[in-house]
Amino acid sequence: MSVASCDIFISGGGIAGLVAALGFAHSGFSTVLADPGPLPEPSDQSDLRSTAYLQPGRALLDEIGVWPDLAVAATPLETLRVIDSAGDPPAIRTERAFRSDDLGAVAFGWNLPNALTRQVLAERATTTDGLTLKFGTGFSNLLSRDGEARITLGDGTRIAARLAIAADGRASPLREAAGIDVEITRYGQKALAFAVTHEVPHNAVSTELYLSGGAFVLVPLPDHRGQPASAVVWMNDGPEALRLHALDDDAFARAATLRSCNVLGPLSLSSPRQVWPVVTQKAKALTARRVALVAEAAHVLPPIGAQGLNTSLMDIRLLLDLARKAPDSLGTRPYLDRYAKAREADIRARARIIDLYNRLCRSDAPPAQALRSLGLRTVHDIAPLRQRVMQAGLGRARKAPSSV
Ligand SMILES: Cc1cc2nc3c(=O)[nH]c(=O)nc-3n(C[C@H](O)[C@H](O)[C@H](O)COP(=O)(O)OP(=O)(O)OC[C@H]3O[C@@H](n4cnc5c(N)ncnc54)[C@H](O)[C@@H]3O)c2cc1C
């Protein structure tokens, strides 16, 4: 069988893989993307999560031309309300609001359902010059040489690429074929993801409630059938999450309302529920010969502070910037080293902070609970500290290293 040549091969057609494919194709690099799943369609409900895109992520979506189609369904997050709660039933102990206009920003981020985002990206990808989509067949084998990566797909197609990008999720087959191991921290927690409607309007406020067991986060969505709606991520110790997951819809909605301290009134389920394991997972290297890892292939973070996919978009941003600055260097060792050096430090720092935050927030030890409330008051009430933490949370993009 003949070998097709291209600049970039991307394994994985999730949100990260599609954004990378559009970014490289728009920059004039011939790109092939493969995914064993079907081309995403409007009816696809396999991912019920929503993602709050921070400013740098939104800028990348704008640059690849999909933001106008997404903006109509994007809900701005203008205020972040953080609540520390305790007891059974949970009651509010400390509450503070962080406003984006405190930093002169119109919003902290924009929340979008994952299924819609992936569908809009895929639609755009099917009509983009220089981009070949191969849904229905995935990456199968890798042979790396100094000058190129040779890839074989499940259907036998052979591809030679200057750079192979692993965007094929937390169990990344391309990462494994490149011989890169991962380190995993397990917390014994699971996250329930679902959508709700409620009586009280959210007014573009995203609410995070903390209690032993983990965070309960309500992120604004557009109205659902004329009713205010929010996406929920509810973290719990594993057995408790499974017990809740097994409840019937009414009992589950009552439990969720209780856990939300009734901040938006009674919650009604408006979607099925999904359970996600909560882990921190980091690849032991971000590159191998002619291979770069991005997104969950490189790092999985607990779903706190909207960092997961936003961190992934920073990986893609940097790979793109480096390639545009020195197109001939694409996939070479200096190119890959620049990428790894710049991203490793950022990923490590984010993983460390989120890990610490998760441990502190879920603990039922009285000193940890006291620290949680005190920490919230301190961070909020001291203006310079508040602004620094908010800046960091907004995920200001780093510049690409100047040369390759
Ligand atoms: C409950 C929850 C809430 C979250 N909320 C946020 C948030 O608000 N903000 C945020 O930034 N992040 C958030 N995250 C994180 C974010 O959802 C993930 O980082 C993101 O969805 C992962 O995208 P991905 O493209 O890396 O992986 P995936 O979406 O897993 O995509 C991987 C793709 O690879 C494909 N694949 C598998 N095998 C192969 C193969 N052999 N060849 C080719 N392709 C293959 C799969 O079919 C899939 O399409 C959240 C996570 C959770 C669990």
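In this predicted model, an open sheet is built from three strands in the order β3-β7-β4, with antiparallel pairing. Strands β3 (50-54) and β4 (75-77) are the edges, each pairing on one side only. From one strand to the next, the twist averages 35 degrees.

Strand β7 covers residues 109-113 and runs antiparallel to β3, to which five bridges join it. One of the bridge partners can be named: Y53 is matched with W110 in β7.

Helices α2 and α4 both touch this part of the sheet. Helix α2 (residues 55-63) lies across β3 and β7, and helix α4 (residues 114-126) packs on the sheet, touching β3 and β7. The table gives the angles for these helices, including that of α2 with helix α8 (residues 308-325).

| Helix | Partner | Angle |
|---|---|---|
| α2 (residues 55-63) | β3 | about 95 degrees |
| α4 (residues 114-126) | β7 | about 85 degrees |
| α2 | α8 (residues 308-325) | about 50 degrees |

Where α2 packs with α8, the axes are 9 Å apart. The angle of about 50 degrees makes α2 oblique to α8, and the crossing of these two helices is left-handed.

Which residues make the contact between α2 and α8? From α2 they are G57, L60 and E63; from α8 they are N310, L313, I316, R317, L320 and R324. By type, the residues of this contact divide into four nonpolar, two polar and three charged.

Technical notes: Residues numbered from 1 in each chain as written. Predicted model: local features only at pLDDT ≥ 70, side-chain atom pairs only at ≥ 80, totals over all residues. Heavy atoms only, no water. Pairing = 2+ DSSP bridges. Helix = DSSP H or I, 4+ residues; strand = E, 2+ residues; numbered from the N terminus. Axes fitted to C-alpha atoms, helices over the stretch in contact; angles between N-to-C directions. Contact = heavy atoms within 4.5 Å. Parallel < 35°, antiparallel > 145°, perpendicular 65-115°, else oblique. Left-handed = near helix turned anticlockwise from the far one by under 90°. Nonpolar A, V, L, I, M, F, W, Y, C, P; charged D, E, K, R; others polar.
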